[in-house]
Amino acid sequence: MADAQTQIESIRKWIVQHKLRTVGCLWLSGITGSIAYNWSRPNMKTSVKIIHARLHAQGLTLAALAGAALVEYYDHKSDERAARDSRR
């Protein structure tokens, strides 16, 4: 259980340090996954497949940016709390 917790903590720290890289990877995986899914549907035009892939990736990117903002807010609040507690 402790190993899983340290692994999750190390992943969280990496994501906090590399927020934009994480968002970029999510965007790329969103585009790739959506194109792969849409390519299996033969009744759609290629242009529509590309537009759908872009829209799916854009939604995923917005969700990732919102998540990054929440992580930043949480880290900022926990740093303030730690500084306040250390002054006591």
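Here is a short conversation about a predicted model of one chain.

Visitor: What makes the pattern of this chain α-α-α?

Guide: The secondary structure comes to three helices and zero strands, and reading along the sequence gives α-α-α.

Visitor: Why is the chain called more spread out than a compact globule?

Guide: For 88 residues the globule rule gives 12 Å, while the radius of gyration of the chain is 19 Å; that is well over the rule, so the chain counts as more spread out than a compact globule. For a picture of its extent, the C-alpha atoms fill a box of roughly 65 × 25 × 15 Å along the principal axes.

Visitor: What share of the residues is buried?

Guide: Buried means under 20% relative accessible area, and 16% of the 88 residues fall in that class. As for the surface, the chain exposes about 7,000 Å², with carbon and sulfur atoms supplying 64% of it.

Visitor: Why is Ile-15 called partly exposed?

Guide: Partly exposed lies between the 20% limit for buried and the 50% limit for exposed. Ile-15 has 33% relative accessibility, so it counts as partly exposed. You will find Ile-15 in helix α1, residues 2-17.

Visitor: Which residues form a nonpolar patch with Ile-15?

Guide: Ile-11 and Trp-14 join Ile-15 in that surface patch, and together the three have about 270 Å² of accessible area. Patch residues need over 30% relative accessible area, and the 33% of Ile-15 satisfies that cut-off.

Visitor: How many of the contacts join residues at least 24 apart?

Guide: Among contacts between residues at least 6 apart in sequence, 48% do.

Terms used
Residues are numbered from 1 along each chain as its sequence is written. This is a predicted model: local features need pLDDT of at least 70, side-chain atom pairs count only at pLDDT 80 or more; totals for chains, interfaces and linings use all residues. Side-chain values use heavy atoms; hydrogens and water are left out. Patches are made of residues with over 30% relative accessible area and no salt bridge: like charges are joined within 9 Å, nonpolar side chains (Val, Leu, Ile, Met, Phe, Trp, Tyr) within 5 Å. Accessible areas come from the Shrake-Rupley method with a 1.4 Å probe; for residues, only the protein chains shown count as cover. A salt bridge is a side-chain nitrogen of Lys or Arg within 4 Å of a carboxyl oxygen of Asp or Glu. Helices (H or I, at least four residues) and strands (E, at least two) are DSSP runs, numbered from the N terminus. Buried means under 20% relative accessible area, exposed over 50%, partly exposed in between (1.4 Å probe, protein chains only). The radius of gyration is taken over C-alpha atoms; the globule rule is 2.2 Å times the number of residues to the power 0.38. Contact means heavy atoms within 4.5 Å.
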